[in-house]
Structure formats: C-alpha cells, structure tokens
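User: I am new to this structure and would like a close look at a single part of it. Please take me through that part slowly, and then show me what lies around it.

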Amino acid sequence: MSFEFLSLETIQELARQYGYWAVFVGILLENLGLPIPGETATLAGGFLAGSGELNYWIVLGSAVLGASLGGTCGYWIGRWGGWPLLVGLGRIFRFREEQLLEVKNQFSENAGKTVFFGRFIALLRVFASPLAGIAQMPFLKFMFYNFFGATVWASVMVTLAFFAGRIVPLEQLVVWAAQFAGVALFLAIAWIAVPIWLETRKAKQLERPD
C-alpha cells in the first residue's frame, strides 16, 4: 500500500537523504497499518546498498528491526481491542460474526505459518500481527515467528535489490515484488474464503426442507 502521489523517485530520494532511518520507519509504519510504502523503501535501501551508497548489513538490520517492532505493536493492538473493531468492519462488508469466528479459528490453527508467510503477502503483512493478537496467540510463539519471518522477508528483499539492482532498474524490482505479493494475496484469500463458502453452502442446503 502506498500514497499514489508518493512516487518511486521520491521514495528513493528519501532513502538517500535519511538512509537507514527511511527503511526502518517505512516498514515500521506499514506494519502499523499506515499507507506507507515500506516494502518499496526496503527495496530502495537494498538498491542503494548495491550501488555503494548505503551499507548492506545496516539496511538489512534496519528492515528486520522495523518489521519486527511494527509486528509486535500490531499484535498488542489486536490483543487489547482488535476483535470489536474487526466485528465492526465485518458488518460494513456484510460478514456475519460467525464467519469472522471461522476465520479466527482457521488463523489460530495456522497462526505460526500465517505470521511467517504473511510477510510476503500484500495486506496480510499488515493484518497478520493484529490477527495474531485477536486470536490470543501466545506472545513468545508470536515473537519467534514474527522475528523469523521479518528476518527472512528482509533478507530476500534487501538481497534481491542489492544484487539484481545492479542489472535491473529499481522500478522493475518494485513491479515484480508487487506482482508476487498480489498473486500471493489472491491465493491466501482463496485458501480462507473457499472453505467458508463451501461451509455456508452446505449449511443452506441442510436448512432447506425436503
């Protein structure tokens, strides 16, 4: 997610001007649910590291720390008051509370995987941590998958931009990352929505009189 008026050139210039802070703050705020292009800032940091303007390891550390801290804050937001907010949003989009409970239960059964792989999926990177809090996922377990996922995600993004950025324009890297995240989001939605749809259809069939 990003502001439409915040161009890639602007993000790259912010990364040049503020360096590691741009990477850290960008991904931190994105994980808090703000429309900040944190992933793009991380790619820009890795790209600048590849050109020698920034240090690879500090960029990587900034991305890992920002993603981990943002995820932790999201977890506590969900734990302290996320369920009423989620139910309210569900009413807006015409989801019954029973359906939301089903999503919550599915998340609880696959919480660790969702927190880890959610790093690579558009939107889920923002909502996985609050959902973990809502589902009452044990905090130490969450922290393990949160930090592990943040480390793997940041390593992939920064390393990709560091090496591929030497032969591929940053614009193309951002497009590829967005396309991958979009496909992953579609698959994740299908994984959650299809079982719920089938269950709802089955329940309606059972309610019909013979």
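Analyst: Leaving aside residues up to four places away in sequence, Asn-55 touches Tyr-20 and Ala-49, and it is worth keeping in mind from the start that this is a predicted model. Asn-55 itself is found in the loop between H3 and helix H4, the latter covering residues 56-92. Because its relative accessibility is 35%, and buried would require under 20% while exposed would require over 50%, Asn-55 counts as partly exposed. Another residue to look for from here is Gly-19, which is 36 residues apart from Asn-55 along the chain, with 9.5 Å separating the two C-alpha atoms.

The two touching residues lead on to a pair of helices, since Tyr-20 falls in helix H2, which spans residues 20-31, and Ala-49 falls in helix H3, which spans residues 38-50. The axes of H2 and H3 come within 7 Å of one another and cross at roughly 160 degrees. As an angle over 145 degrees counts as roughly antiparallel, H2 is therefore roughly antiparallel to H3. The crossing in which H2 passes H3 is left-handed. On the side of H2, the contact is made by Ala-22, Val-23, Gly-26, Ile-27 and Glu-30, and on the side of H3 by Gly-38, Glu-39, Ala-41, Thr-42 and Gly-45. Sorted by class, these contact residues of H2 and H3 comprise four nonpolar, four polar and two charged ones. A general point helps in reading such a list: an α-helix has 3.6 residues a turn, so residues three or four places apart point the same way.

Elsewhere in the chain, helix H7, made up of residues 124-134, is largely enclosed by the rest of the structure, because nine of its eleven residues are buried. The buried residues of H7 are Leu-124, Arg-125, Val-126, Ala-128, Ser-129, Pro-130, Ala-132, Gly-133 and Ile-134. Just after H7 comes Gln-136, whose phi is positive, at about 60 degrees.

To place these parts within the whole, the chain has nine helices and zero strands, and 45% of its 210 residues count as buried. Among contacts in the chain with a separation of 6 or more, 78% are between residues 24 or more positions apart. The chain exposes about 11,900 Å², of which carbon and sulfur atoms supply 68%.

Notes
Residues numbered from 1 in each chain as written. Predicted model: local features only at pLDDT ≥ 70, side-chain atom pairs only at ≥ 80, totals over all residues. Heavy atoms only, no water. Helix = DSSP H or I, 4+ residues; strand = E, 2+ residues; numbered from the N terminus. Buried < 20%, exposed > 50% of the residue type's maximum accessible area, 1.4 Å probe, protein only. Contact = heavy atoms within 4.5 Å. Areas by Shrake-Rupley, 256 points an atom, 1.4 Å probe, with all protein chains shown as cover. Axes fitted to C-alpha atoms, helices over the stretch in contact; angles between N-to-C directions. Parallel < 35°, antiparallel > 145°, perpendicular 65-115°, else oblique. Left-handed = near helix turned anticlockwise from the far one by under 90°. Nonpolar A, V, L, I, M, F, W, Y, C, P; charged D, E, K, R; others polar.
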